[in-house]
Amino acid sequence: MRTTVKLLGAGLLLLTATACAANSRAGAPAGTGPAPETSASVPGTVTPTLGPPPSQTVGRPTQGIAPGDDVIAETQVDARGLPEGYPRSLTRSLDGRTLVLQAEEGGCRRISARVGEQTAQQVVVLVNVLSAPKGQMCPDYIKEIKVPLTLSAPLGTRTVVLRQG
């Protein structure tokens, strides 16, 4: 009985290894070139064959700052009124009339923001972070969000003051 189990196990292992070896090139994109050839200088070594260069992606990235959006300089942002852990990353649209607060939210953490007072010297942005009550179970995920904030006039050189609210 033990010999039969050992033979079945060895056969299964051999079958798995063969299937993995056969599928090693199955996920490769079409047109990446022929299989690697062995090198003439050192027997048994493999020289990789380079395929065509990857295509250039057209459009906006899915993370980070989008091309064409301006990052607002840290010297133009006053975040002293925000508690630790609140988002502080801001960009502005090309016309300067829309600020975008970039933040991470997930599980039971929700981020919201709104434009408060706007003067010739500053724009106040009120940021709110809602968390679950202590002891509540939350799903474990994080996603990057962008909260658009429309201004009455372009930001220009005005200071953005971030406050809890």
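In the predicted model, four strands are arranged as an open sheet in the order β4-β10-β8-β7, with mixed pairing. The edges of this sheet are formed by β4 and β7, each of which has a single partner strand, so one side of each is left without a neighbour in the sheet. From one strand to the next, the twist averages 25°. In general, the strands of a sheet are held in pairs by backbone hydrogen bonds, in either a parallel or an antiparallel sense.

Two of the pairings can be described individually. β4 and β10 are paired in the parallel sense over three bridges, and within this pairing V77 lies opposite V160 of β10. β8 and β10 likewise run parallel and are joined by six bridges; here V123 is the residue that stands opposite V160. V160 of β10 is thus placed opposite V77 and also opposite V123.

V160 recurs in the description of the nonpolar interior. The largest nonpolar core comprises 22 residues, among which L99, L101, V125, V127, V160 and L162 touch the most other members. Two or more residues are supplied to this core by each of β4 (77-81), β6 (98-105), β7 (110-118), β8 (122-130), β9 (143-150) and β10 (159-164). The greatest contribution comes from β8, which provides four residues. The four strands of the open sheet, β4, β10, β8 and β7, therefore all appear among the elements that give two or more residues to the core, together with β6 and β9.

The surroundings of L101 were examined in greater detail. When neighbours within four places in sequence are set aside, L101 is in contact with P87, S89, L90, I111, A113, V127, I145, K146, V147 and L149. One of these partners, V127, is itself listed with L101 among the core residues that touch the most other members.

A search of the whole structure identified one disulfide. This link is formed by C108 and C138, whose sulfur atoms lie 2.0 Å apart. The disulfide is left-handed, with -110° about the S-S bond. Distant parts of the chain are connected in this way: C108 is located in the loop between β6 and β7, whereas C138 is located in the loop between β8 and β9, 30 residues apart. C108 has a relative accessible area of 21% and is therefore partly exposed, as the buried class is confined to values under 20%. C138, at 35% relative accessibility, is also counted as partly exposed.

At the level of the whole chain, one helix and 10 strands are present. Their order from the N terminus is α-β-β-β-β-β-β-β-β-β-β, with the helix preceding the strands. Of the 165 residues in the chain, 24% are buried. Among contacts with a separation of 6 or more, 62% are accounted for by residues 24 or more positions apart. The chain exposes about 11,800 Å², of which 59% is supplied by carbon and sulfur atoms.

How values were computed. Residues are numbered from 1 along each chain as its sequence is written. This is a predicted model: local features need pLDDT of at least 70, side-chain atom pairs count only at pLDDT 80 or more; totals for chains, interfaces and linings use all residues. Side-chain values use heavy atoms; hydrogens and water are left out. A nonpolar core is a set of buried Ala, Val, Leu, Ile, Met, Phe, Trp, Tyr and Cys residues joined through side-chain atoms within 4.5 Å. Buried means under 20% relative accessible area, exposed over 50%, partly exposed in between (1.4 Å probe, protein chains only). Contact means heavy atoms within 4.5 Å. Two strands pair if DSSP finds at least two bridges between them. Axes are lines fitted to C-alpha atoms, for helices over the stretch in contact, and angles run from 0 to 180 degrees between N-to-C directions. A disulfide is a pair of cysteine sulfur atoms within 2.5 Å. Accessible areas come from the Shrake-Rupley method with a 1.4 Å probe; for residues, only the protein chains shown count as cover.
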